[in-house]
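Let's take a walk through this structure together. Please have the sequence and the 3D view open side by side.

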Amino acid sequence: MTAEPRWERCIVQRDGDVVAFTRDFLSQAHRKVLLIAGGGFDPRTTRSCGILADHVGERLQALFLREERPSAASELRDHAERNLAELLKVVPTAQVVPVSIFAPDHAVIGGREAVKAVSRMQLDQFTDIILDCSALSRGVNFPVIKFLLEVAVRQNIHVFVTDEPATDDTIVPVPWEQASNIHGFRGTVGPVSQVGPARLWLPQLVRGQNVALDLIYRTVEPHDVCPILPFPASDPKLPDWLIEAFATEMESGWQVDPRNIVYADEKGPLDLYRAILRIDDARKVIFESYGSQIVLSPIGSKLLSLGALLAALERDFPVVYVEALEYKVDFAALDRQRKEPGILVHLWLKGEAYG
Amino acid sequence: MDNPFERRATEQVRNEEAFLALISPDPITAYLSRYGSNRQLYDRLVVILGTPGSGKTTMAKLFEFPMVTALLRNSSVPSYRPLLTALADCGCIADGVPTLLAHRLSLESDYREIWEFPYPEESRDGLLKSLLQARTILGWFRHLTRTGIAPRQVRVISTGASAAAVEAMGGLSGEGILARAQQVENEIYGIVGALLPPSLDKLTKGATDAYRPFDVIDRFVVPAGEKSIEVRPLIILDDAHILHPVQFANTSRWLLRRELLVARWVLTRFDILPPDEALSVLLTAPGNAELPGITTAREITQITMQSRGDRREQRTQFRRMAKDMANRYLSQMPEFASRKLVSLESLLIDESEHLTDAKTADLADRVDANQRRLKITEERKQRLRAEVDSYRPAAGDLGEDERLAMLNILLHRYAKRTPQTGLFPESADPEPSRPLSVDISVFDAACLHLLHAFDRPYYFGIDDLCDASSENAEQFLRLAAILVDAIATRLIRGRTASLKAREQQQLLRDRAAAFIKDWNFPQVDFVRTMVDLLAQRCRAVSLEPNAWIGAGANAYGILQEEFERLSTVSPELGRTLKYAIAYNAITLVPQYECKNKVWCLLELGGIPKLHYGLTLKRGGFIEGTLDELRTYNRSTP
């Protein structure tokens, strides 16, 4: 019998509960808290920092990773400067570290650079380390979470994310021309194109990301594809829209069997996590002699991608993505639709809650 | 509906026979045969440069051992014979058995990651070479296993290397070599996959020990039926542009050594080279170019799958290959194959669609108005009309709309070649300074004018589809995909299969616009702006009423001598041009002789030509300067 998954009983809190947790738990006098967050243009950048500063006060230290992309528009840089100024007003002692996402020859190095930046911190002086993924790209936050889980001995590791699928949709990445593994997520059986086992690719479908997903498909060369669709979702018609938007790929390219669609609760990262593990368990039996390899590509909403992250961490699945060369953001539209901030979600991944 | 044109089907098929059914032998014959016949493909480093989608990988896959054995297994199938001949011409097959054990190693990000390690360059270089060699060995053995040859049946003939080198490789038995390669690969993969690499002094012995199988291996001895054969190992490093430029240079230098008996090919995109070197590859004659840090170009067989040299021949050759490829793809689609519709050429109607009577009348009114404005006599107009009427295009007869558009051009040319009419009475009908002739260029210009004035179909037929593809297989397939889709829809609806010229044009131009919108590569904003500015200028010149440039302009010409100063005058412009050329937005045509001068042309790619409504014919260019071009190098129009 398979052992219970590591995060089967993962603590997940939302909004009011997160604030209460911050007030009642993180504010305890013996706690020293490190917040690692993005210092970029994303409107969600400042939210968790403000809540933590209110309750933790001077025991809060922060590391703001500022993702640098060579083609970033000046408007985005201006927004990032403003957000950063606001963050530093709240945590004046914070460190701001620029993280180059691309090397001068356009190799993707963001994940490696971010881990380097985090590894330079004296992590053992903190009781609680919080990574706020809201304004960090996956290429950065996935390796950082993995690194924190590896090095943390006594510390509590928390992940915060402001769940705003509509904001994720409004921030449109311009994909780089090559797909690659997220740093630290190469899997255990060699490079993706070399592996022998039956490869199943689980891409998270996102509107407007056809080019990126197709690049990933070509890199992964899977034997089978099970697209992940968000359902239930904030927009109930979203799965239909996505199927329509990816009709060409699903029919002509990826040759998806209509029965091979995975539905996952857009608001529940553990739902996707459990679904992926169930699929893996089932395939292990079927491909016992040949071997099975699941490859993940979580490029959709932040919350849903955390579910894929947990599965990748637990089973060492490769995660393949396409880094964004730059982002296109219509700030006017963003301001219009973003009248109220989205739900703040907390996942407690490691530490005293688990004994 | 499954449309294999939407992506290159060769990237999807796993079965050798299915792959072979899709492959055209033409690129092998065109690019490799002449080197294969004198062994230049195997006794030195071969560098194959090309744009994304130019067919480098497909060509390489064909040489892989399982593919060659599958081809030999099916040698009695008539459709495979051209491929067999092409591979035999390249020296890949002799006497009905393979002579090569080729493995294509796709250089993924793992290899580039090594450059990021905090070690001295020498150590990083050592790790890279060890990983490349270990994975190559694994690849060779995987191929042998796939064709039914177990590692224990394999023996290696050594180059005569030292006993220590042989031992470090795992001995000369197949099993020993394979085990050692697995060990080295595991050790280095562990370092590459680590979130933080270990410090140099903590690297394991397995990863840092001397491991140089390429220096040891001469031939593999493998069973073939009742007997044994010797095969030469070939490593094909695909997508080498992923390496850091210094890694690329070091790796090239390493593979350059003549004492290596392993055959080695490096497949790369042209943008791995620094801008000045990338452009000089295209500016210089084949065989004379140099790679970064390598001055012994004679030691390299360099094959450029990018437009240069005899362009007419290349166009003809590409058309042949593209048609062959399209037909092979069509035959994979049940909707077409079941109806015996396996020739794309026959499904794309290659006949002009003339204007409606109302539009023709409108055009006639415009011609009359121009005649009056230019103060040209009715008699002169009739004489010019008679010239037009006597012209016979290569295919078919002239329509009335074409005659009128040609007449309009002649009226304007006549007006340009006669003195100012204000000095003469209204009835004066002076002879032009140079006689007016009606030829193919007037006809082509008239057709282009009709496209822009009346949206009359201009891009149609298989040859236009091929020419719009910038001699790039992937671009051809992606353009063809939309046409094939439309034809399939017609079949499903029970309509005639063939696509009319207007439908073809609409689909192609829509797709071209979508391609340009979706461009994503370094310097894309600069490239997009430059293409836009150049295309608009070409269009304006092409639509001059007297069509002085003939069929139309689609290129920007700078004197060759001036262009060669590009890297010193404007490195930023060189960088933009490098990516524009590497991604088919622009084609460089050096040494173009015109008006007793030597030019370097920046010809717009097929996709911009379609999008901006420019001629697909070559040769028409607007004269410019490097200084002017520098002003176009900006990120917004």
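The paragraphs below start with the overall build of chain A, then turn to aromatic rings and to some backbone details.

A word before we set off: what you see is a predicted model. Chain A is a good place to begin, with twelve helices and 14 strands in its secondary structure. Its C-alpha trace spans about 55 × 50 × 40 Å along the principal axes. For 355 residues, a compact globule would have a radius of gyration near 20 Å, and chain A has 20 Å, so the two agree. Of those 355 residues, 61% count as buried. The contacts in chain A also reach across the sequence: among those between residues at least 6 apart, 84% join residues at least 24 apart.

Now look at the outside of chain A. Its accessible surface comes to about 13,800 Å², and 52% of that belongs to carbon and sulfur atoms. Chain A carries 38 positive and 48 negative charges, and the mean positions of these two sets are 3 Å apart.

Next come the aromatic rings. Over all chains, a search of the whole structure finds 27 aromatic pairs. One of them joins A:F41 and A:Y327, whose ring centres are 5.6 Å apart; their planes meet at 50°, between the limits of 30 degrees for stacked and 60 for edge-to-face, so the pair is tilted. Where do A:F41 and A:Y327 lie in chain A? A:F41 is in the loop between strand 2 (33–38) and helix 2 (47–56), while A:Y327 belongs to strand 13 (residues 320–329), so the pair ties together parts that are 286 residues apart in sequence. Both A:F41 and A:Y327 are buried. Over in chain B, you can find one aromatic cluster formed by B:W140, B:F141, B:F214, B:F220 and B:W254.

Finally, the backbone. Most residues other than glycine have a negative phi, and most peptide bonds are trans. With that in mind, try the bond from A:F231 to A:P232, which is cis, with omega near 0°. You will find A:P232 in the loop between strand 10 (228–230) and helix 8 (238–245) of chain A.

Chain B has two residues to visit for their phi angles. B:K375 is not a glycine, yet its phi is positive, about 55°. This lysine sits in the loop between helix 17 (357–373) and helix 18 (378–390) of chain B. Is B:K375 buried, partly exposed or exposed? Its relative accessibility is 37%, so B:K375 counts as partly exposed. B:N596, again not a glycine, has a positive phi of about 60°. Its place is the loop between strand 11 (586–594) and strand 12 (597–604) of chain B, and with a relative accessible area of 84%, B:N596 is exposed.

Notes. Residues are numbered from 1 along each chain as its sequence is written. Chains are lettered from A and ligands numbered from 1 in the order in which they are written. This is a predicted model: local features need pLDDT of at least 70, side-chain atom pairs count only at pLDDT 80 or more; totals for chains, interfaces and linings use all residues. Side-chain values use heavy atoms; hydrogens and water are left out. Helices (H or I, at least four residues) and strands (E, at least two) are DSSP runs, numbered from the N terminus. The radius of gyration is taken over C-alpha atoms; the globule rule is 2.2 Å times the number of residues to the power 0.38. Buried means under 20% relative accessible area, exposed over 50%, partly exposed in between (1.4 Å probe, protein chains only). Contact means heavy atoms within 4.5 Å. Accessible areas come from the Shrake-Rupley method with a 1.4 Å probe; for residues, only the protein chains shown count as cover. Lys and Arg count as positive and Asp and Glu as negative; His and the chain ends are not counted. The place of a charge is taken as NZ of Lys, CZ of Arg, CG of Asp or CD of Glu. Rings of Phe, Tyr and Trp (its six-membered ring) pair if their centres lie within 6.5 Å; planes under 30 degrees apart count as stacked, over 60 as edge-to-face and the rest as tilted.
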